[in-house]
Amino acid sequence: MNHIKQNIEQIKNSLPNYVKLIAVSKTKPIADIEQAIAAGHYIFGENKVQELVSKAAIIDKKAEWHMIGHLQTNKVKQLLPMVHLIHSVDSFKLAQVIDKEAQKNNKVVSCLLQMHIAKEETKFGFSEKELLTMLQMPDFYQLKNIKICGLMGIATYTDNKQVIEAEFSMLRKWFERIKNEYFKEVSYFNELSMGMSNDFQIAIEQGSTMIRIGSLIFGERYYPNKN
Ligand SMILES: *Cc1c(COP(=O)(O)O)cnc(C)c1O
């Protein structure tokens, strides 16, 4: 017996009404996702294209699928028909490929730009310099089939609240700066995706509009090939 329904309700009750909950279902079975749906929750996040696409094919079509993991350009084609929002755009090349495939699919794909805010080198995302470089390129604004809706970031995995707070605060400042300098004329650059199971309260204090919660809803994940 798990408590998926209660977990979702408890988290949702604690959120300001402008914060969207993404239930991160990676590695979890269809039965768990169906329990979330039975609790009235339809927004899910996955970090692997194959897993997202195969789950989306089976689950209720009302569900919304968010891609939150590093995306390889050769997987974009497969992902596009199923995805609602890509949180993890981390290069101009990837933005170009998404735009090109979106054009072929006759759609406009909503995306967030992922910034590297953590201490860990292993995490993906634009550095400040890389992000500004892209935003200053006229070519970037030729991509008419992607819609940049905001920023995403992952804080350092640590118990040190100050470190997490400083990283989220910095991301929030970048969000405001980029909105003012590059997306002032558009109505949709409004999303700041930050906060996971261990740090979402801090993220909300720092201005998050989307939290991505896995283990707090579905329980710990097991990776059979690790250790
Ligand atoms: C796995 C994952 C999450 C959810 O992590 P939890 O700690 O289980 O809440 C959120 N964001 C990204 C990018 C992830 O890969």
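**Cysteines and overall fold**

Student: How many disulfides does the count come to by the rule?

Tutor: Happy to help! A disulfide is a covalent bond between the sulfur atoms of two cysteines. The rule here asks for a pair of cysteine sulfur atoms within 2.5 Å. By this rule the count is zero.

Student: Which cysteine has the sulfur closest to that of Cys111, and why is there no bond?

Tutor: This is a predicted model, where local features need pLDDT of at least 70, side-chain atom pairs count only at pLDDT 80 or more, and totals for chains, interfaces and linings use all residues. Residues are numbered from 1 along each chain as its sequence is written, and side-chain values use heavy atoms, with hydrogens and water left out. The closest sulfur is 7.5 Å away, which is too far for a bond, and it belongs to Cys149.

Student: Is Cys149 buried or exposed?

Tutor: Buried means under 20% relative accessible area, exposed over 50%, and partly exposed in between (1.4 Å probe, protein chains only). Cys111 has 1% and is buried. Cys149 has a relative accessibility of 9%, so Cys149 counts as buried.

Student: What percentage of the 227 residues in the protein chain is buried?

Tutor: The two cysteines just discussed, Cys111 and Cys149, are both buried. For the protein chain, the buried share of the 227 residues is 50%.

Student: What radius of gyration does the protein chain have?

Tutor: This radius is taken over C-alpha atoms, and the globule rule is 2.2 Å times the number of residues to the power 0.38. For 227 residues, a compact globule would come out near 17 Å. The protein chain agrees, with 17 Å.
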